[in-house]
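The exercises that follow ask you to read a protein structure step by step. Try each task on your own before you turn to its solution.

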There are 2 protein chains.
Amino acid sequence: MASVQAVDPRTGRGGASYPAATPEDVDAALTAAVAAALELRDEARRTDGLRRIASGLRARGDEVVAVAERETGLPEGRLRGELERTAVQLELLADYVSAGEHHDAIIDRADPDARPVPRPDLRRTKLPIGPVVVFGASNFPLAFSTAGGDTASALAAGCPVIVKGHPSHPGTGTLVAQIVAEAGLPDGAFTHLLAADLDVAEALIDHPATAAIAFTGSFRAGSAILARANARPQPIPVYAEMGSLNPVVITAAAAAARGPEIVTALAGAVGTFGGQLCTKPGLVFAPAGSGIAAALADALGAHGPQFLLNAGIQAGYERGVDALSAGAHRLTANGSAPAGFAVHPAVFSVAATDFIDDPSLREECFGPAVVVVEYGELHAALDVLEGQLAAALYAEPEEHATLGPLVDRLTAIAGRVIFDAVPTGVAVTTAMHHGGPWPATSAPAFTSVGATAVERFLRPVTYQNTPDALLPPALRDANPLGIPRRMSAAGASLQLGLRHQR
Amino acid sequence: MASVQAVDPRTGRGGASYPAATPEDVDAALTAAVAAALELRDEARRTDGLRRIASGLRARGDEVVAVAERETGLPEGRLRGELERTAVQLELLADYVSAGEHHDAIIDRADPDARPVPRPDLRRTKLPIGPVVVFGASNFPLAFSTAGGDTASALAAGCPVIVKGHPSHPGTGTLVAQIVAEAGLPDGAFTHLLAADLDVAEALIDHPATAAIAFTGSFRAGSAILARANARPQPIPVYAEMGSLNPVVITAAAAAARGPEIVTALAGAVGTFGGQLCTKPGLVFAPAGSGIAAALADALGAHGPQFLLNAGIQAGYERGVDALSAGAHRLTANGSAPAGFAVHPAVFSVAATDFIDDPSLREECFGPAVVVVEYGELHAALDVLEGQLAAALYAEPEEHATLGPLVDRLTAIAGRVIFDAVPTGVAVTTAMHHGGPWPATSAPAFTSVGATAVERFLRPVTYQNTPDALLPPALRDANPLGIPRRMSAAGASLQLGLRHQR
């Protein structure tokens, strides 16, 4: 039987092995998923299940964190925080669905006087799209993996989930999958298929019952999944979060007023956890002559070598650093080769005019690397950027009145705009948007973090002139679920606006 | 200069010619569109513009209808209704945006006590996605064309629009484009490019500034546009509405109680306007032995020959009828060749078991053709259907208690489920969903009719710790727009749910 072996990034040594799935397991998982869909319609059952997964993660937190630490090299404190974040995420989605927010229910009662023709009774809610395949990320073995945000939001929507377990943390995924299996969800509602080979991933993408795909990872892998899903006889939505440069802009006034404080924050965001965050600031726009680049190089040097998650990421980082070295000045030394999959942080500086001319400086380098663009004129350098998950701006209060055009530029490219903080730290709330235009994601209308992540796995359906007893509860006259709905008054013209019912 | 000549479907004779666009015009249109985006942020300006287009259409209604009648062969009464529908649609979208519904604003205030880390202030709204290319449909020269639902919802969202004018109604498109040009929208916010050649369409899809595409038409054209958009260096969302069979299920009780009434409704839906509706019932599931098929053949025969929109649709219809004839029994005679692009309606019958075995009977035949599937056992025949825009069910009140599983089957494949009516007639309201799983559309989460059509052209952005003055008005503390927003209370736990502010 094929297996996947864990490797400790701190030493490069192999550890425990875990059974791997085969393409035959894919068909069984999707068949079971289809059979589970009816039972998953019971919202209380799903939300209870999500809450039990959260409790289970907390109850077995020591064990989960210990395995994850060995497999990822991430520090215990970070993993404990990530575990709690994962639990909170499951609970937020359960609460959102329990409150009925995901239905986005709209009721237009019949209007015999409507122009140009009488209007029937029309009621819209949202239904689960079907079985969802989740490709977990290596860099968040809990929050963006087995029971992470994609799984939580798909289950919250009522969709069965098949997770393609990431081979970089096989034991963590297997253990979390056990916790999910004990949460009382219907049989077939969740399957964990651990695999290192492409054939399982391809079978999951190709299976006719797969209704949507969620992915967090590299641009290369994400765009390969998207291309394969588009080539299916029936293309399906792919929600791929593929990384980002997350530019940070520092105004001259901010650099002068609190340069050292900003540098400390940036060094922490780049030089912790190996810089392996999709919201790592990979680009910093600092005023020429501000000394930000040199200070950041000093501060990152103090952070010292960082463990990367696996040998592939390590090799990719070294290639990325070499590529950046060709077009920008490397300000940090490359010391002796550290142990395991460790690498040295790297800070580069480049003049804005050179940055504009060299697209290779806008390739994401996953790991503890950052390019400081030293600018005189800022806007032209921002205008060459593609879609981003996040963009941050450090500015002084007296500048706020003049920053409108700059904020416009940042919102034009990014899914989240941050004031006076680094882009790392993606809070799990209702208002969070973790997404952005291509190439940050493949679907700019959707988020992979926060309560509205559930929207990716829902599909509106309108019921016309449907007897009350045959309507889903969300749409019945008596509003038995007590959910928020948007209503047009009986007989009202279309143009009179909506009453929000709560 | 290249031109596009109108052809009268009632005679096949050529009429007036209109100047055609070139690929060079595409770049000019997109450049102007990008420049218009800032001015289009003014919501009052956009909504005033939409309302002025509606007024302009009504004011010049006689002229518009006369041109459209000559170019489409559709009867005057239908075109007058379609014009009013188009105007109502523009007004509905203006009202929806004026009410601020499209923002879907969410505000999570900072929470220093949040677990596992303190939460910053996070506020989400939605922004326009960028210039939208609209491919109008031939079969609705007003409601799904130049100033139709796609244009209205993109402009409502704040997106500039470039319409690729349909060559089948060049004069109608040109006249409606004049009306739009007089509506006071910013320069570049709307461009009409009339073209019969593929090169203009391809340049529109490929242009780097194109941010999204909306299309209504055939599966063949829609999937070609989707494939080309996916092959761009930066793929963009394609909202293609590609047609549907729109199955109608008649229970034995309904057939017995009101067969003739149902047949009359079906014959009207298939045999009017050439059956050229994306919600035409192309499949009817009637109880074996009910006589529905024969009665429908008689009723459609009485409707007589129908004009199709152009020679291509006429040829496609004849091919489709031939293909259906190979697998089903044709119940209607093929009389002598009528004038212009007219064709004879066609009714086919087939046993459910044969229908299941022959996928060619599930190909849409655009025009006045319908396949009656005569069933003993119904569910297996429904289970072979792919995604549909709509599905309808005729049943008697005493059956309602047992219809749950059947309604589930219909909602599993369709974007709209209708009781006791034909699927034609797509009301323009807030709760309407005109969409569905592949191959009905390329994006099952979105609608092309109704107020929420605007969602296709919006992209969420979250502002983190942003000074009030730099927030868009929709997110400012004082709620100066007076729009509905979802709020979490200051300091509240994530889990406490949302308060809906109005």
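Two residues are said to be in contact if their C-beta atoms, placed from the backbone, lie within 7 Å. Keep in mind throughout that this is a predicted model.

**Exercise 1. One residue in a helix**

Find where A29(B) is placed, decide whether A29(B) is buried or exposed, and list its contacts.

Solution. Begin with the placement: A29(B) belongs to helix α1 of chain B, which covers residues 23–40. Next, count the neighbours, remembering that a residue is buried if 20 or more other C-beta atoms lie within 10 Å of its own. A29(B) has 27 C-beta neighbours inside 10 Å, and therefore A29(B) counts as buried. Then set aside the neighbours within four places in sequence, and the contacts of A29(B) that remain are I162(B), T191(B) and L193(B). Finally, take a pair set far apart in sequence: T447(B) is 418 residues from A29(B) along the chain, and the two C-alpha atoms are separated by 26 Å.

**Exercise 2. A strand and its partners**

Which strands pair with β17(A), and in which sense? Determine also how many residues of β17(A) are buried.

Solution. Start with burial: strand β17 of chain A spans residues 388–394, and because 7 of its 7 residues are buried, β17(A) is largely enclosed by the rest of the structure. Turn then to the first partner named here, strand β10 (residues 248–250) of chain A, which pairs with β17(A) in the parallel sense over 3 bridges. Within that pairing, Y394(A) of β17(A) has I250(A) opposite. The other partner is strand β18 (residues 414–419) of chain A, which is joined to β17(A) by 5 bridges, also in the parallel sense. Here L393(A) has F419(A) of β18(A) as its bridge partner.

**Exercise 3. A loop residue**

Locate E399(A) and work out whether E399(A) is buried, partly exposed or exposed.

Solution. First, E399(A) sits in the loop of chain A that runs between β17 and α14 (404–413). Second, recall that a residue is exposed at 12 or fewer neighbours and buried at 20 or more, with partly exposed in between. Since 14 other C-beta atoms lie within 10 Å of E399(A), this residue is partly exposed. Third, apart from neighbours within four places in sequence, E399(A) is in contact with T251(A) and A253(A). A related distance is that from E399(A) to A254(A), which is 9.4 Å between C-alpha atoms, although their positions lie 145 residues apart in sequence.

**Exercise 4. A covered helix**

How many residues of α5(A) are buried, and what comes just after this helix?

Solution. Helix α5 of chain A takes in residues 149–157, and 9 of its 9 residues are buried, so that the helix is described as mostly covered. Among these buried residues are D150(A), T151(A), S153(A) and L155(A). Just after α5(A) comes G158(A), whose phi is positive, at about 100 degrees.

**Exercise 5. Two domains of chain A**

Describe how domain 1 and domain 3 of chain A meet.

Solution. The domain assignment places domain 1 at 3–242 + 448–456, domain 2 at 248–419 and domain 3 at 468–501. The C-alpha centres of domain 1 and domain 3 of chain A are 31 Å apart, and 14 residues of domain 1 are in contact with 15 residues of domain 3. On the domain 1 side, β3 (105–108) and β4 (122–128) of chain A each supply at least two residues, and β3(A) gives the most, with 4 residues. By type, the residues of this side comprise 5 nonpolar, 3 polar and 6 charged.

**Exercise 6. The two chains together**

How many residues does each chain bring to the contact, and why can it be said that the copies meet through the same surface?

Solution. Chain B brings 71 residues and chain A brings 72 residues. On the side of chain B, α4(B) gives the most, with 7 residues, and the residues of that side divide into 34 nonpolar, 22 polar and 15 charged. Because 100% of the interface residues of chain B are also interface residues in chain A, the copies meet through the same surface. Now superpose the chains: a rotation of 180 degrees, with 0.0 Å of shift along its axis, brings chain B onto chain A with an RMSD of 0.0 Å. That is the relation of a two-fold axis.

Technical notes
Residues numbered from 1 in each chain as written. Chains lettered and ligands numbered in written order. Predicted model: local features only at pLDDT ≥ 70, side-chain atom pairs only at ≥ 80, totals over all residues. Nonpolar A, V, L, I, M, F, W, Y, C, P; charged D, E, K, R; others polar. Domains from an automatic or database assignment. Least-squares fit on C-alpha atoms with pLDDT ≥ 70 in both. Pairing = 2+ DSSP bridges.
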